[in-house]
Amino acid sequence: MTFSLFAAIVVALSVVSIVNGATAGTTTTTWDCCEPACGYTSNLSSGAKGPVKSCSKSNGKPASDAQNACFASSGDLAYSCSSYQPIIVNSTFSYGFAGHGNTATATCCKCYQFTWTSGAAKGKLMIVQAINAGGITDVDFDIYTPGGGVGDFNACTSQYGAPSGGWGRQYGGVTSDSQCSQLPSNLQAGCHWRWKWAGGDVNTWKVSFTQVNCPSQLTSISGCTPAKI
Ligand SMILES: *[C@@H]1O[C@H](CO)[C@@H](O)[C@H](O)[C@H]1NC(C)=O
Ligand SMILES: *[C@@H]1O[C@H](CO)[C@@H](O)[C@H](O)[C@H]1NC(C)=O
């Protein structure tokens, strides 16, 4: 084989691996109790059937005219659902929900598989469905975990009587497993997930990710199914 043919094959193979390969990103955490952005039909990605479910204050079905509790304070309000907590499959694999990307119509309801490449969860895997977007980079997964920080908007004071800046830090939330006891009992399992299953804070840990078709374990909870890939 001539050198130039060899070089051409190497270039072709590396282009293929970029196309099929995973993208580098990071994880952060959130639990703001707001109706997720993908709860608006206008925000769904092309071909998605939804929108994602939002909930009443007591995690039931919201009133049909309910407004996002992060932007309205009277009348019927819509919140996030307690069912958006991470779900442990085994010691190295969890399902979950996340905010992903700055443009909702690019990501809403799509599913992604990622493996942590740094932090205490290095080597562990998650499959998450994007239920929120906006103010999040296209390579970050803002994992829904109670006590994960309310971030820019806070409906947790309205829904659960949380402190005005949410539980723990406004960005990043609680700083230890023991602080999960500040949360209402129906949210504690998802708070412990971070410290006990992932093994720490999760914030700014690196991942390698790729889009995948959504498992029914996630779409049956969110009520939203994206176009097949
Ligand atoms: C965890 O579950 C996944 C998916 O079912 C499986 O592929 C993997 O082998 C399991 N890992 C362990 C440690 O049980
Ligand atoms: C989602 O839709 C609502 C209502 O149209 C809009 O106000 C909001 O900006 C959208 N969110 C994102 C992240 O695009």
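What percentage of the 229 residues in the chain is buried? I looked this up before anything else, and buried residues come to 46%. A reminder to myself: this is a predicted model.

**Overall build**

I went through the secondary structure next and found 5 helices and 9 strands. Reading along the sequence, I noted the order α-β-β-β-β-β-α-β-β-β-α-α-β-α. Then I checked the dimensions: along the principal axes, the C-alpha atoms of the chain fill a box of roughly 75 × 40 × 30 Å. The radius of gyration is 19 Å, which agrees with the value near 17 Å for a compact globule of 229 residues. I also looked at contacts between residues at least 6 apart in sequence, and 71% of them join residues at least 24 apart.

**A record to keep beside the model**

UniProt, in an unreviewed entry, lists residues 24-224 as "domain: Glycosyl hydrolases family 45 active site". I took the two ends of residues 24-224 and found their C-alpha atoms 26 Å apart. Helix makes up 13% of that span and strand 25%.

**The core**

In soluble globular proteins, nonpolar side chains tend to be buried together. With that in mind I searched for the largest nonpolar core here, and it has 56 residues. The residues with the most contacts inside this core are C38, A69, C108, C109 and V128. Several elements each supply at least two of its residues, among them β5 (93-100), β6 (111-116), α4 (188-198) and β9 (205-212). Which strand gives the most to this core? That turned out to be β7, with 5 residues.

I stopped at C108 for a closer look. Beyond four places in sequence, C108 touches A37, C38, N43, L44, S45, A48, A130 and A133.

**Helix α4**

The buried residues of α4 are G190, C191, H192, W193, R194, W195 and A198. What do these buried residues pack against? I found β1 (23-30) and β4 (87-90) on the other side of the contacts. Just after α4, G199 has a positive phi of about 90 degrees.

**Two loop positions**

I picked S80 and G165. Is S80 buried or exposed? S80 sits in the loop between β3 and β4, and S80 counts as buried because it has 30 C-beta neighbours inside 10 Å, where 20 or more are needed. Leaving out neighbours within four places in sequence, S80 contacts C33, C34, E35, P36, S54 and C55. The C-alpha atoms of S80 and S56 are separated by 8.1 Å, with their positions 24 residues apart along the chain.

G165 belongs to the loop between α3 (156-160) and α4. With 15 other C-beta atoms within 10 Å, G165 is partly exposed. Beyond four places in sequence, G165 is in contact with V150 and Q170. I also noted 7.4 Å between the C-alpha atoms of G165 and N154, which are 11 residues apart along the chain.

**The ligands**

Which residues surround ligand 1? I wrote down V89, N90, S91, T92 and F93. By class, that shell has 2 nonpolar, 3 polar and no charged residues.

Around ligand 2 I found A37, Y40, S42, N43, A104, A133 and G134. The shell of ligand 2 divides into 4 nonpolar, 3 polar and no charged residues. A nice link back to the core entry: A37, N43 and A133 of this shell also appear among the residues that C108 touches.

How values were computed:
Residues numbered from 1 in each chain as written. Chains lettered and ligands numbered in written order. Predicted model: local features only at pLDDT ≥ 70, side-chain atom pairs only at ≥ 80, totals over all residues. Near = placed C-beta within 6 Å. Nonpolar A, V, L, I, M, F, W, Y, C, P; charged D, E, K, R; others polar. Core = buried A, V, L, I, M, F, W, Y, C linked by C-beta atoms within 7 Å. Buried ≥ 20, exposed ≤ 12 C-beta atoms within 10 Å, placed from the backbone. Helix = DSSP H or I, 4+ residues; strand = E, 2+ residues; numbered from the N terminus. Contact = placed C-beta atoms within 7 Å. Rg over C-alpha atoms; globule rule 2.2 N^0.38 Å. UniProt positions renumbered as here; feature names shortened; annotations may be inferred.
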